[in-house]
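Me: I am new to this structure and would like to understand the reasoning behind the words used for it. Could we go through them one at a time?

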Amino acid sequence: MSTIAFIGLGIMGSPMAVHLQRAGHQVQGFNRTPAKADRLREAGGTACQSIADAVRGAQVIALMLPDSPDVEEVLLGADGVLANAEPDSLIIDFSTIRPDVSRNLAQLAVARGLRMIDAPVSGGQAGAENATLSIMVGGATDDVASAADILSVVGKTVVHVGGPGAGQTVKAANQLIVAGNIQVLAEAIALLKAHDVPLEQALDALAGGLAGSTVLTQKRENMIRGTFEPGFRIALHHKDLGIVTDTARAMGVVTPVGSLLASLMASAVANGDGGCDHSALLRGVERLNGRIPDPC
Ligand code: NAD
């Protein structure tokens, strides 16, 4: 069993840290908003006051932060992980960030005598709460192997997809697929509503056929009720579609639907929906159809 520093105890990080603590590891959590560490403390973990406190004595340092600049700040800041970590610690970055930033950070970690893998996750808040995440892992084979016991605590599907940054590239593909699924589900719901078809029955039928999906199963209730508590914030999916368009452009890959989805997600942010769950793409479809939804 390891001592694990867990930095970033939000919607995803908090339940993941709790699962690791309950599995027998000693988890030392740190979050910028200290109250977010309450759940970990109630599960027997430690709430630390700084990154330096969290990484002291830790063999593993897990990160679950919003965006690339947050991970850069936590790793490279004057009081950050690289300045304070024990020699040979393994950094597991569960955050979704840019693949090029991830590769660069892994190199800097190695130069400092540490090891780093990228391990972004899919499965949503439900996947984090139920420890059933799918984890796409990039890094050196030995480093990935040494993380296996920890990854299997929070994930059901754990796949080593390549070298440093490769996990983030797969996650970008994941976010493209999920955004497309949500958008077409929202358009289908607008169509069904306009024809006064009972939504529960319609979605039951769709779920049993080729149109069925994890997105439909997890997001249908939000869309039926019109309540969009995150979940996964639109602002984060907007960040991810920026990664999709940038990584596609970097290799000359054409993703026309991806570009459209990026615009629709940006429109949701521009209309004030950045703090809502990404199922609130339905609200954008409603706006396109001349309806003004209530604030979410
Ligand atoms: P969140 O905003 O709920 O959690 C992030 C946490 O990091 C917050 O509690 C915040 O206070 C903390 N934080 C930010 N900067 C910090 C710093 N410098 N030091 C310490 N703590 C800091 O976000 P989330 O939904 O948990 O998402 C985290 C990551 O996981 C993102 O990259 C997101 O894209 C990805 N992700 C989210 C979901 C989901 O369904 N929510 C699913 C898969 C992947």
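**Reasons behind the terms**

Reply: In this predicted model, helix H12 is followed by Gly 226, whose phi is positive, near 75 degrees.

Me: What makes residues of H12 count as buried, and which are they?

Reply: The word buried applies under 20% relative accessible area, and in H12 the residues Val 215, Leu 216, Lys 219, Arg 220, Asn 222 and Met 223 are buried. What covers these buried residues includes helix H10 (166–194), helix H11 (199–207) and H15.

Me: Where does Gly 226 lie in relation to the second largest pocket?

Reply: Gly 226 is among the residues that lie nearest the centre of that pocket, together with Phe 228, Arg 283, Glu 286 and Pro 293, and the lining has 15 residues. Helix H12 (214–225) and helix H15 (281–288) each supply at least two residues of this lining, and the pocket has a volume of about 180 Å³.

Me: How do the residues of that lining divide into nonpolar, polar and charged?

Reply: Eight are nonpolar, one is polar and six are charged; Gly counts as polar, so Gly 226, a lining residue, belongs to the polar class.

Me: How do you know whether the radius of gyration of the protein chain agrees with that of a compact globule?

Reply: For 296 residues a compact globule would have a radius of gyration near 19 Å, and because the protein chain has 20 Å, the two agree. Along its principal axes the C-alpha trace spans about 65 × 45 × 35 Å, and 49% of the residues of the protein chain count as buried.

Conventions:
Residues numbered from 1 in each chain as written. Predicted model: local features only at pLDDT ≥ 70, side-chain atom pairs only at ≥ 80, totals over all residues. Heavy atoms only, no water. 1 Å grid on protein atoms, 1.4 Å probe; cavity = no way out; pocket = protein on both sides within 12 Å on 5 of 7 lines; lining within 4 Å. Points joined across faces, edges and corners; volume = space filled by probe spheres on them. Helix = DSSP H or I, 4+ residues; strand = E, 2+ residues; numbered from the N terminus. Buried < 20%, exposed > 50% of the residue type's maximum accessible area, 1.4 Å probe, protein only. Contact = heavy atoms within 4.5 Å. Rg over C-alpha atoms; globule rule 2.2 N^0.38 Å.
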